[in-house]
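The following paragraphs lead through the structure shown here, starting from a single loop residue and moving outwards to the sheet, the core and the ligand.

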Amino acid sequence: MLHALSIETEDNKTGIQHALLTRLRRLKWLAAYKKSIVFMALFGIVIATVNMAYTPKSNSLPLDLTSKKMLIKKDMRVAYLSRHIGTTEDFTYMAEHLGLTNVTYHQKDLPPLGIRRNEYKEKALEPPYDSVCEDNDAVFVSDDLLVGWPLVMPPKICKNLFFIITNRFDYMASGGEKDIYHQDMERAINRRTDPAKFIINNPFEYNYLLSRNVFPEEPPQLIRPFGFSGIQDQKIPMDDINLPCLIINRVSQDGQLLSNLVKEKSGVECKILGTKYGGPKTLAKYKSIVVHIPYQVATMKMWENLAYGTLMAIPSPEFMTQICEENDCPQDRDVFETKNVIDPPEEWYKYVDFYLPEWSRCFIQFGSWSQLSDILKNRDYLADVEYCENRMIEAREQNLNSWAEVFYNITLNLESSNS
Ligand SMILES: *[C@@H]1O[C@H](CO)[C@@H](O)[C@H](O)[C@H]1NC(C)=O
Ligand SMILES: *[C@@H]1O[C@H](CO)[C@@H](O)[C@H](O)[C@H]1NC(C)=O
C-alpha cells in the first residue's frame with residue numbers, strides 16, 4: 001500500500017514512509033517555489049505573494065518517477081546470476097545508471113551448462129546457492145534460467161527473486177524434466193509468501209509461459225535490453241568500409257545458407273564476419289548493413305547494433321517463411337516456435353522484435369531477393385542510422401525508468417518487511 005501513500009498516513013510513519021514524506025514535502029515546496037517564479041513573471045508581484053503562501057490542498061500525492069528514483073535504496077545488496085556476458089553487461093549498465101552500489105555478479109561460480117535436476121539439487125547446498133538469498137536483498141537470474149532452479153526448489157523461499165527471461169524460461173531444461181521445472185516455477189511465482197517474479201525482454205515470453213502452464217498473476221514487466229556493449233572496437237581494413245553488406249557467421253543459417261542465397265539470388269557478395277568480429281563498435285565502422293535471418297524472437301545484439309549505428313536487413317515474415325520452406329533453415333526452431341504458441345499462428349511475427357512496426361526503419365525488411373538487391377545497391381538506409389541511434393537513446397531512458405520502478409518496489413518491500 002505504500003505506493004498509494006497519502007499525506008494522511010503520517011500517523012503511522014515508519015522507516016521509509018517518514019523519509020518519503022520529508023523528501024516529498026521538500027519536493028513539493030520546491031515545486032511550489034518554481035511555480036511561483038513563473039507566476040511572478042506572468043502576473044506580477046501580487047499573485048506571486050499569494051502563491052508563495054500556497055499550501056497543498058490535495059491529500060494524496062502521486063509519486064512521480066523522479067521521487068521514486070531518489071527513494072530507491074541504492075545500497076541494497078543485489079546478486080545477479082548469469083553465465084552470459086551480454087545479459088550481464090546489460091544489467092551492469094542498469095545498475096550503474098540507477099546508482100546501485102552493492103551488486104555481486106555470479107558467473108564463474110555457477111554450475112556448467114546442461115546439468116540435470118539432481119545435480120542442481122545438490123548444488124543448492126553449495127555456494128553460491130546456499131547463502132545467496134540470505135546474503136542479499138534481491139536476487140536476479142538471467143539467460144539460462146535453470147541456474148536459478150535451486151532457488152525455487154521446494155521448500156526454498158528466496159525473497160525478492162526475479163527471473164529475467166531473455167529466451168524461453170525453460171531453454172536448457174531437458175525433455176523429461178521440463179514438467180517438473182515448470183511446476184517449480186509455477187509454484188514459486190504464485191506462492192503467498194514472497195512470490196518470485198518474471199521480467200521479460202520481449203513480449204513472446206509471456207505467451208510462452210502460459211503455453212507451458214505457468215500463469216503469472218499479471219503479465220510480467222516487459223523491459224527490453226539497453227543495447228550496451230563494453231567490447232572494444234577493432235581496426236578494419238580501409239577497403240572494407242563501403243562493402244555492400246555484412247553477414248555475421250554466428251550460426252550456419254546466416255554464415256552458409258543466407259550468404260549463398262544472397263550471392264546467388266541477389267547477385268551481391270556480403271563480407272562474412274567470424275564470431276570474434278569485435279562487437280557493435282567495430283560493425284559501426286563499416287558504412288554497411290548486416291543481413292540476417294532471425295534465429296530468435298529477440299537478441300541482445302539487435303539492439304546493440306542499432307545503438308552504435310548499424311542497421312539490419314531481414315526477410316519479411318512471409319519471405320522468411322518462404323525461405324525456410326524452400327531451404328532447410330538449420331536454426332529457425334526458436335523463432336518459429338511462435339507459430340506453435342501464438343493464436344492465430346499467422347500472427348507469429350508480431351511476437352518477433354525484428355518485426356516491430358515502430359522499428360521498421362531500423363530493421364529493414366525485404367520481401368524478395370531483388371528487393372534486397374535494391375536495398376544493398378541504393379544504400380538509402382544510411383540516412384536512417386542517426387534516427388535509429390536516437391530512438392535507442394530514447395528507449396534506453398524508458399528502460400531505465402522501468403527498472404527504477406522495479407527497484408522502487410523492492411525498496412518498499414524491504415521496508416515493509418523490516419518494520
Ligand atoms: C555490500 O554488502 C556486503 C554484505 O552486507 C557488505 O559487507 C559490504 O560492505 C557492502 N558493500 C558496499 C560497497 O556497500
Ligand atoms: C510495482 O508495484 C506495483 C504495486 O504492486 C505494481 O502495480 C507494479 O506493476 C510494480 N512495478 C513493477 C515494475 O514491478
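In this predicted model, N160 counts as buried because it has 21 C-beta neighbours inside 10 Å, where 20 or more are needed for that class. N160 is found in the loop between β3 and β4, and its phi is near 45 degrees, a positive value in a residue other than glycine. D194, in the loop between α6 and β5, likewise has a positive phi near 45 degrees without being a glycine. With 15 other C-beta atoms within 10 Å, however, D194 is partly exposed. Most residues other than glycine have a negative phi, and most peptide bonds are trans.

Two peptide bonds also deserve attention. The bond from P154 to P155 is cis, with omega near 5 degrees, and P155 lies in the loop between β3 and β4, where N160 is found as well. A cis peptide bond also joins D343 and P344, with omega about 0 degrees; P344 is located in the loop between α12 (333–341) and β11 (363–366).

The strands that flank the loop holding N160 belong to an open sheet of 6 strands, which follow one another in the order β2-β1-β3-β4-β5-β6 with parallel pairing. Its edge strands are β2 (102–106) and β6 (221–222), each of which pairs on one side only. Within the sheet, strand β1 (residues 77–81) pairs with β3 in the parallel sense over 4 bridges, and L81 has V141 of β3 as its bridge partner. On the other pairing of β3, 4 bridges join it in parallel to strand β4 (residues 161–165), with S142 and I164 as bridge partners. Further along, strand β5 (residues 197–200) runs parallel to β6 and is joined to it by 2 bridges, I200 being partnered by L222.

How many residues of strand β3 (residues 138–142) are buried? The count is 5 of 5, and both faces of the strand are covered, with A138, F140 and S142 on one side and V139 and V141 on the other. In soluble globular proteins, nonpolar side chains tend to be buried together. Here the largest nonpolar core has 98 residues, and V139, F140, F163, V291 and A313 touch the most other members. Helix α14 (residues 385–418) gives this core its largest share, 9 residues. Because domain 2 (69–223) and domain 3 (238–378) both contribute residues, the core lies between them. Apart from its neighbours within four places in sequence, F163 is in contact with V141, L145, G148, F169, A196 and F198.

Another loop residue, E177, lies between β4 and α6 (178–190) and is partly exposed, having 16 other C-beta atoms within 10 Å. Once neighbours within four places in sequence are set aside, E177 is in contact with R116 and R117. Although E177 and R117 are 60 residues apart along the chain, their C-alpha atoms are separated by 7.2 Å.

Ligand 1 is surrounded by D75, R77, T101 and N102, a shell that divides into no nonpolar, 2 polar and 2 charged residues.

For the protein as a whole, the secondary structure comes to 14 helices and 11 strands, and 35% of the 419 residues count as buried. Among contacts with a separation of 6 or more, 74% are between residues 24 or more positions apart.

How values were computed: Residues are numbered from 1 along each chain as its sequence is written. Chains are lettered from A and ligands numbered from 1 in the order in which they are written. This is a predicted model: local features need pLDDT of at least 70, side-chain atom pairs count only at pLDDT 80 or more; totals for chains, interfaces and linings use all residues. A residue is near a molecule or strand if its C-beta atom, placed from the backbone, lies within 6 Å of it. Ala, Val, Leu, Ile, Met, Phe, Trp, Tyr, Cys and Pro count as nonpolar, Asp, Glu, Lys and Arg as charged, and the others, Gly among them, as polar. A nonpolar core is a set of buried Ala, Val, Leu, Ile, Met, Phe, Trp, Tyr and Cys residues joined through C-beta atoms within 7 Å. A residue is buried if 20 or more other C-beta atoms lie within 10 Å of its own, exposed if 12 or fewer, and partly exposed in between; C-beta atoms are placed from the backbone. Domain bounds come from an automatic or database domain assignment. Two residues are in contact if their C-beta atoms, placed from the backbone, lie within 7 Å. Two strands pair if DSSP finds at least two bridges between them.
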